[in-house]
Amino acid sequence: MELWPAESIWEAVSPFLPGFTVEVLPEIDSSNTELMRRARAGQTEPTLLVAEQQTAGRGRLGRPWQSAVGDSLTFSLSLPYAPRDWSGLSLAIGLAVAESLHGGIGLKWPNDLWVADRKLGGILIEAATAGGRSQVVIGIGINIRPRPAEGLSTPPAALTDLWPQATAGAALLRLMPTLVRTLKDFEQQGFAPLQARFEVRDVLRGREVHTSDGLRGQALGVGPTGALRLLQAQGERLIDSSEVSVRPTPPDTP
Ligand code: BTN
């Protein structure tokens, strides 16, 4: 397969996204930043922007996103988007990516792809309003081949752990049609129809977890809007903020 199967992706996706274009850039600060700039400037055509290298990749919660050139897939998809309810969108996108790539990929609420308790990839969703219409920019970063831990407490997972022949181009071709179909369905129906499928891949369900804003409890799964159900001594609490991160609590933590 050629490095980036742009033509095949375009053929598979353009019937569902009129005006769709595919662009591959050797280097950019961040594919999300670039598509947000374009959206704010009124360029709202559905666009897939693949970045071979990002010099200022961004993760959630203002964190940087580092990716090894040639060993990772970093791209963003921008399109006009007006769902009735945005809640659960990151879960729906994670599900589309996981289901299209491999049965062994788990989902960690709200935005992470996990394999064997290690991070495989992440999703950054941003929205802009252009000419009175809403536009979404969905950025996805996936480790394709293993890379050193680089100061992280656990080394990240790689797609080749599960799919030894995986390349960034092959992964992108596999996931794009499912991603676009999922976005179209979500726009009409929201997260509720996906709740049961999310549950199958939910890596936190049943585990003790803690949140970045100091909550602890047992993760019970997600509700019909994609909110995390947290069981605490006082009862069940729903967490729907995208401003928190959640991690499993190690068993020996007091
Ligand atoms: C996260 O896990 O915090 C989200 C990571 C999202 C990374 C992707 S890589 C392509 C796109 N461009 C960016 O700058 N970020 C997203």
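**Group meeting: the ligand site and a few rings**

Okay, straight in: Ser30 has a polar side-chain atom 2.7 Å from an oxygen atom of the ligand. By polar contact I mean a pair of N or O atoms within 3.5 Å; within protein, one must be able to donate a hydrogen and the other to accept it, and residues adjacent in sequence count only if both atoms are side-chain atoms.

Quick housekeeping. This is a predicted model, so local features need pLDDT of at least 70 and side-chain atom pairs count only at pLDDT 80 or more, while totals for chains, interfaces and linings use all residues. Residues are numbered from 1 along each chain as its sequence is written, and side-chain values use heavy atoms, with hydrogens and water left out.

Back to the ligand. Arg58 comes in with a backbone N or O atom, 2.7 Å from a nitrogen atom of the ligand. Arg60 also uses a backbone N or O atom, 2.6 Å from an oxygen atom of the ligand. And how much of the ligand does the protein bury? Taken alone the ligand exposes 420 Å², and 98% of that is buried by the protein; those areas are Shrake-Rupley, with a 1.4 Å probe, and for residues only the protein chains shown count as cover.

Who's around it? There are 20 residues, and Ser30, Gln54, Arg58, Arg60 and Lys119 come nearest; near means one heavy atom within 4 Å. The split is five nonpolar, 11 polar and four charged, where Ala, Val, Leu, Ile, Met, Phe, Trp, Tyr, Cys and Pro are nonpolar, Asp, Glu, Lys and Arg charged, and the others, Gly among them, polar. Strand S6 gives the most to that shell, four residues. Helices (H or I, at least four residues) and strands (E, at least two) are DSSP runs, numbered from the N terminus.

Now the rings. We get two aromatic pairs, counting Phe, Tyr and Trp (its six-membered ring) with centres within 6.5 Å; planes under 30 degrees apart are stacked, over 60 edge-to-face, the rest tilted. Tyr81 and Trp86 are edge-to-face, 5.8 Å centre to centre with 75° between the planes. Phe191 and Phe198 are edge-to-face as well, at 6.1 Å and 75°.

Buried or exposed? Buried is under 20% relative accessible area, exposed over 50%, partly exposed in between (1.4 Å probe, protein chains only). Tyr81 is at 1%, so buried, whereas Trp86 is partly exposed at 33%. Phe191, at 2%, is buried, and so is Phe198, at 1%.
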